[in-house]
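Could you walk me through this model in my viewer, one selection at a time? I would like to know what to pick next and what I will find there.

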Amino acid sequence: MSSEMTASAESSTLSTAERLRVAGLHAPDDAPADAVLSIRDLNVRFNTENGVVHAVRGIDFDLRAGRTLGIVGESGSGKSVTSMAVMGLLPETAEISGSVRLNGKELLGLSDKAMCRHRGNDLAMVFQDPLSSLTPVYTVGNQIIEALTVHNPTMTKRAKEARAVELLALVGIPSPKDRFKAFPHEFSGGMRQRVMIAIAIANNPRVLIADEPTTALDVTIQAQVLEVLHTAQEETGAAVVMITHDLGVVAGMADDIMVMYAGKPVETGSVDDIYYNPRMPYTMGLLGAVPRVDIAEKTSLVPIEGIPPNLVHTPTGCSFAPRCPLASDSCLQGEPELWAVAGENLDGGMPHKAACIKTDSLGLEVDVHEIFRAPAVPVSRFDAIPREERRTVLELRDVKKHFPLLKGALLKRRIGTVKAVDGLSFDIREGECFSIVGESGCGKTTTLLEIMEFHKDQDGEVVIGGLSNKEASDARTKSAMRKELQMVFQDPTGALDPRFTVFEVLSEPLENAGMAKAQIRKRIMELMELVGLQPDHVNRFPNQFSGGQRQRIGIARALAVNPKLVVLDEPVSALDVSVQAGVINLLDKLRAELGLSYLMVAHDLSVVRHISNRVAVMYLGKIVEIGDVDAVFDNPRHPYTRALLSAIPVPDPALERTRERIILEGDLPSPLDAPAGCNFATRCPVFAALPPARQEKCLTLEPPLEPLPAPGPGGTPAPPTDQQFACFYPDGELDADALVVHETN
Amino acid sequence: MLRYLAKRALTYAFMIFLTTTAGYFLAVSTLKPALLEQERIPRPTPEQVANSFRLKGLDPDLSPWERYVDWLTGILTRWDWGRSPNGAFINAEFGDRVWISTRLFLASIILTLIIGVALGVYTAARQYKASDRVITSYSYLVYIVPAPIAYFLVQLGAININETVGERLFFVTGISTPGLEGDGWAQFIDMLAHYAVPTFAITIVGWGTYQIAQRQYLLDNVNADFVRTARAKGLTRNQAITRHALRVSFIPVAQSIAFTIPAIFAGGFFAEKIFAWHGVGSWSIDAISLQDVNAATATLAYGSVIFAIGAILADFATTLVDPRVRVQ
Amino acid sequence: MTNLNTIDLAAVADEAKIEDGDVVIAKSTIILRRFLRNKTAVAGLVIFLALTLFSFVGGFFSSWDKEAIDPFNIGMPPSAEHLLGTSQAGIDLYALTVEGTRISILIGLVVGLVSVLIAAVYGCTMAYFGGKADKVMLFILEALIMMPALLVVAVATSGGGNGLQETLPSWLLLIIVLLVFSWMGTARLIRSLSMSLMQRDFVKAAQYMGIPPRRIVWRHLVPNIGSLLVLDITRGVTGAILAEVAFSFIGIGIKVPDVSLGVLIGQATSQVATFPWMFWVPLTVMFLLTGSLAMMNDGLRDAFDPSSGSIGSAKKKKTSK
């Protein structure tokens with residue numbers, strides 16, 4: 001790494017090299033000979049209406065072939081801008097300075113045309129949103145061939161087609177020959193991301209940049225795509241830059257990590273350095289903010305207060321200081337450089353450096369929970385009461401939601417039924433958090449909507465606080481029900497009317513409940529304080545708040561009428577990691593203090609594990625496993641639960657490197673094609689390993705949701721939980737093809 | 001695909017039937033040709049008028065419903081759209097006039113689309129540069145000028161040119177010089193001299209909408225994710241835009257074609273009136289002032305058919321450019 | 001749970017702040033500010049208002065009215081006596097222009113406002129009820145779009161509408177016909193916009209809070225399509241003025257003795273070479289009218305656009321308070 005970076009902050013005179021670097025003329029002569037990509041002092045500025053935004057402020061790194069660098073940061077940290085600058089894909093208005101060298105050749109300053117010789121050839125990229133990243137009007141085959149044509153004009157049509165089919169097969173598209181002619185809209189998100197990877201590796205790039213490649217995908221699909229990326233890297237020997245906000249995703253993949261904050265790297269080092277010995281409070285906070293799916297012991301998450309700085313203003317001190325609990329006056333005197341952290345650089349990767357003047361005092365013995373003053377784990381008064389003795393706040397009995405699938409214009413014919421929710425029964429007791437998990441399309445959101453609808457004509461019974469939809473669904477019962485049950489939405493921006501001030505947002509339910517004006521005002525102030533917002537912000541519009549604050553407003557609105565049960569639809573999935581922790585802690589606190597019950601739907605199993613008491617796993621409209629969260633997560637019996645849990649990357653590199661993963665085949669099938677027997681049989685790794693004689697049972701009989709399995713061969717006594725699952729062969733042998741273990745390298 | 005188009009056509013046929021029926025009732029209950037006949041010299045007796053109208057199938061004594069049934073039966077059984085008060089047959093008159101209108105508009109429609117879309121692409125590529133500002137401002141200016149006034153101004157301009165040159169370069173009215181002798185070349189020059197002004201006028205008024213729409217759609221797509229993907233493959237920015245963004249930006253433009261054809265037809269009334277081309281448009285207005293029920297209804301039906309054709313063409317064009325709406 | 005009965009000092013202080021109107025900045029104020037910052041738009045508004053004022057009080061500055069014939073000045077160019085000259089009938093052109101402008105503005109405003117109102121009611125109804133009602137209403141709407149409006153205008157105002165013409169002045173008749181054919185596009189737009197709004201989470205949130213549908217439409221739907229409505233009113237006014245001019249120009253809109261800008265322009269076309277002022281004066285007024293409306297429309301669009309650049313400074317101003 002650059003030796004110049006040791007220049008101390010207080011030196012006021014610039015060296016010649018530094019002056020050259022500031023002028024953008026600096027050439028890195030110090031890059032290791034085997035580095036395929038060397039970046040020195042990369043700076044990106046954008047001219048906006050509000051002033052010059054300095055989005056990337058000095059990035060240096062070297063990347064060698066076959067290695068993976070993870071760039072971790074929250075939205076706005078400059079990580080995506082960095083990758084686009086390397087690709088030369090930033091708009092012309094962006095001012096870029098510094099040096100980007102690919103195989104020793106300078107890329108910055110190249111014309112669009114000259115840059116095109118590298119893009120897609122030795123430098124390739126996979127983007128975040130697979131749904132919009134493919135041109136809708138061309139076949140996928142066409143789009144892969146285009147990448148080949150640009151760089152291999154002499155290649156024959158036949159050869160290109162053969163290569164495209166080969167690439168599709170490599171990224172795991174079933175029957176690639178036929179799918180070659182398909183249009184992007186005929187592919188699912190995961191499949192489209194595979195196509196994107198195929199395009200990126202078409203010309204065997206030396207450097208592959210992946211910008212949040214799995215953020216938009218389900219966990220099981222994420223696991224598949226990460227696996228494809230792994231294969232792609234092995235196949236091409238490329239160096240990979242993996243950009244992500246998810247510390248779990250890179251833990252198993254990356255060799256080196258660079259943590260970015262406010263446009264600057266704040267900590268770099270090998271993956272083990274960063275995860276096991278972080279030396280910058282921000283990194284420590286991030287690691288502490290992520291809940292773990294594999295740990296039962298409950299500790300509060302580390303909340304990082306505040307929001308990242310506005311990059312229009314150049315920070316005069318440490319950019320993290322305003323949010324840092326350890327900040328002192330000296331932190332505000334000049335921005336700290338990356339200081340080398342004492343320790344051995346074992347594998348020749350990135351040296352461990354941290355941009356904090358207190359690095360040396362932040363050794364292994366420091367407890368991050370203490371530093372960030374993580375609140376104590378809140379205890380609800382209901383926690384002491386056994387579940388059976390608590391009141392039921394919500395009960396579902398055999399709720400079904402079937403949509404007819406119609407065809408024909410004038411006379412509609414019913415050609416099938418989509419069983420979005422197919423016979424759901426569960427109950428929620430006072431003071432507990434019950435979560436429903438599953439891939440998108442499994443029916444978890446439909447379940448919420450069915451509960452919120454609360455209508456007499458529904459198929460099945462919904463009982464909310466003793467009020468049943470079957471008995472009375474007149475206006476009065478309904479409004480009584482609405483006081484028992486409120487909802488928090490996934491997208492905090494969409495859930496707030498942009499034309500309402502916070503005061504209006506919060507007063508709407510209160511007015512509707514017939515509260516007097518003066519009381520409403522008092523109640524609103526109370527609510528603002530309750531959710532940790534400044535009461536004098538009530539006159540602001542939602543767009544003046546950050547995402548986390550908006551979600552707090554949404555929570556306050558839900559709590560306005562003092563409901564017993566709050567439905568949470570992916571309450572933190574739209575938020576940044578550091579903000580997410582604060583909201584989760586708030587939800588936890590409110591549950592304990594107000595004795596609330598939650599019904600949560602989430603795709604992030606780590607969050608579910610952290611906050612829930614009980615969990616249900618749904619697959620194609622049915623619950624396949626249900627029970628106490630620790631029981632289900634520590635001892636999953638249904639193969640789907642096992643696969644789902646195994647798909648979640650854990651922010652623990654050592655564990656990630658060695659653990660065995662179950663990679664499910666294909667996507668969630670359409671609920672229309674639901675088979676006669678077990679829904680999951682088409683993708684089941686246990687089923688695949690069964691002898692045909694035993695498979696028969698799975699295909700013909702529907703496994704019931706039952707508490708006790710047929711006693712296992714070991715004859716272990718059933719644990720005293722209420723865990724239930726719907727599988728004939730729990731704990732069965734898994735198909736070897738579905739298992740993946742990465743060799744430790 | 002064909003089945004889908006056939007289904008759409010059926011829906012439109014039903015709509016045309018409804019609008020035409022509504023139009024017939026409106027016309028039959030408001031247009032009273034007998035009043036005009038009364039102004040003739042020598043003044044015919046009311047009985048004579050009624051008799052003559054009865055012979056032409058325009059019996060004023062029948063109720064609107066009875067006349068509607070007669071009229072509809074005529075169309076359905078004999079494809080006979082009835083007669084004018086002066087005895088002319090609608091079917092015969094109609095053919096000539098449709099041909100004239102079509103000749104007037106066809107060139108303009110094609111030019112409007114091509115120029116509008118081309119300028120839209122051009123200005124999108126040069127966003128905020130002087131040429132973009134000039135062309136786009138022009139398109140917005142067209143928006144605040146009523147079409148007939150624009151045609152009239154073009155006509156004035158052409159007359160001015162003729163006067164300045166001192167020779168009749170352009171004909172500002174009429175479709176051809178009556179009784180022109182000469183070989184094919186002279187005929188062709190005469191045709192050009194007649195076509196130039198109206199075609200120019202209709203085109204420069206028409207393209208603005210397309211320029212603005214195409215510019216907007218293309219700009220919406222220039223920074224789309226899939227264009228970025230194309231650039232990441234190694235296409236230059238311009239290649240990526242022409243190969244990917246342009247094709248996608250055509251989708252909404254293709255859909256809006258549905259509205260050009262009737263729009264130009266509607267503008268056509270004005271054009272025909274001002275340039276004195278006796279097409280369907282000016283005929284329809286004349287028919288109304290002559291209290292001609294059948295002719296007015298026929299032109300209304302024609303307008304609806306043109307609209308339906310435009311809409312079906314738009315559907316067809318959309319399915320051509322957008323694989324997502326291809327019907328299985 | 002915090003006790004509802006204790007008096008929280010901080011809350012009391014905050015209550016005072018809420019009552020202090022200064023803290024609350026209504027959205028409409030922000031939009032107004034942004035609009036006022038746009039010079040072109042303000043100029044447009046000023047011109048439009050000036051023309052409207054002129055059309056109402058302009059008559060007082062001239063001793064001639066639109067019916068008085070000056071037999072000594074027939075078809076005269078502008079002079080001291082007749083500011084804008086006279087028509088071939090010897091009527092003062094200034095008086096005619098004042099009258100014509102008023103009729104044109106009247107037609108524009110009435111058609112613009114009422115058609116948007118019809119469109120809003122029709123569009124929201126379609127979106128709210130959906131299903132069968134939506135289908136039928138959409139069919140009617142498309143059938144109306146298919147009708148060539150011009151023919152109907154012609155039938156109603158020129159041909160046989162004699163019975164009607166006796167009871168109604170031609171400008172009122174034109175207003176009615178223009179109204180019938182001007183609202184469909186906006187209605188379709190409002191329908192699709194309300195439909196997408198109905199899917200938004202904040203509407204769902206209100207439904208789940210048990211807010212009655214009427215209140216949801218009034219408090220959430222209408223304000224959120226409000227900007228569109230205002231824009232469509234200015235667009236509708238422009239459209240109606242243009243339509244009036246176009247129809248009257250070819251002689252099927254407003255009929256003499258009623259005057260409008262279109263009638264004045266149309267009458268003058270045959271003698272542009274000999275009496276140019278008769279053509280250019282009303283044409284200039286029309287351009288000022290439609291042009292000022294277009295300028296306003298532009299400014300309004302920017303003011304409503306949440307992504308527009310001027311929102312940034314407005315927001316900053318607000319947060320700094």
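Helices here are DSSP runs of H or I with at least four residues, and strands are runs of E with at least two, both numbered from the N terminus. Keep in mind as you look around that this is a predicted model.

Start by selecting chain B. You will find 12 helices and zero strands, and its C-alpha atoms fill a box of roughly 85 × 60 × 40 Å along the principal axes. Of its 328 residues, 42% count as buried. Take the contacts in chain B between residues at least 6 apart in sequence: 73% of them join residues at least 24 apart.

Next, bring in chain C. Here 28 residues of chain C are in contact with 32 residues of chain B. To highlight chain C's side of this interface, pick α5 (131–146), α6 (149–157), α11 (213–249) and α13 (276–304) of chain C, each of which supplies at least two residues. Colour that side by class and you get 19 nonpolar, eight polar and one charged residues.

Now move to chain A and show its open, mixed sheet of seven strands, ordered β18-β19-β20-β15-β21-β22-β24. Which strands stand at the edges? They are β18 (485–488) and β24 (724–725) of chain A; each has a single partner strand, so one side of each lacks a neighbour in the sheet.

Zoom in on β21 (residues 614–619) and β22 (residues 622–628) of chain A, which run antiparallel and are joined by six bridges. One pair to label is A:R614 with its bridge partner A:D628.

Finally, add helix α13 (residues 444–453) of chain A, which packs on the sheet and touches β15, β18, β19, β20 and β21 of chain A.

Conventions:
Residues numbered from 1 in each chain as written. Chains lettered and ligands numbered in written order. Predicted model: local features only at pLDDT ≥ 70, side-chain atom pairs only at ≥ 80, totals over all residues. Contact = placed C-beta atoms within 7 Å. Nonpolar A, V, L, I, M, F, W, Y, C, P; charged D, E, K, R; others polar. Buried ≥ 20, exposed ≤ 12 C-beta atoms within 10 Å, placed from the backbone. Pairing = 2+ DSSP bridges. Axes fitted to C-alpha atoms, helices over the stretch in contact; angles between N-to-C directions.
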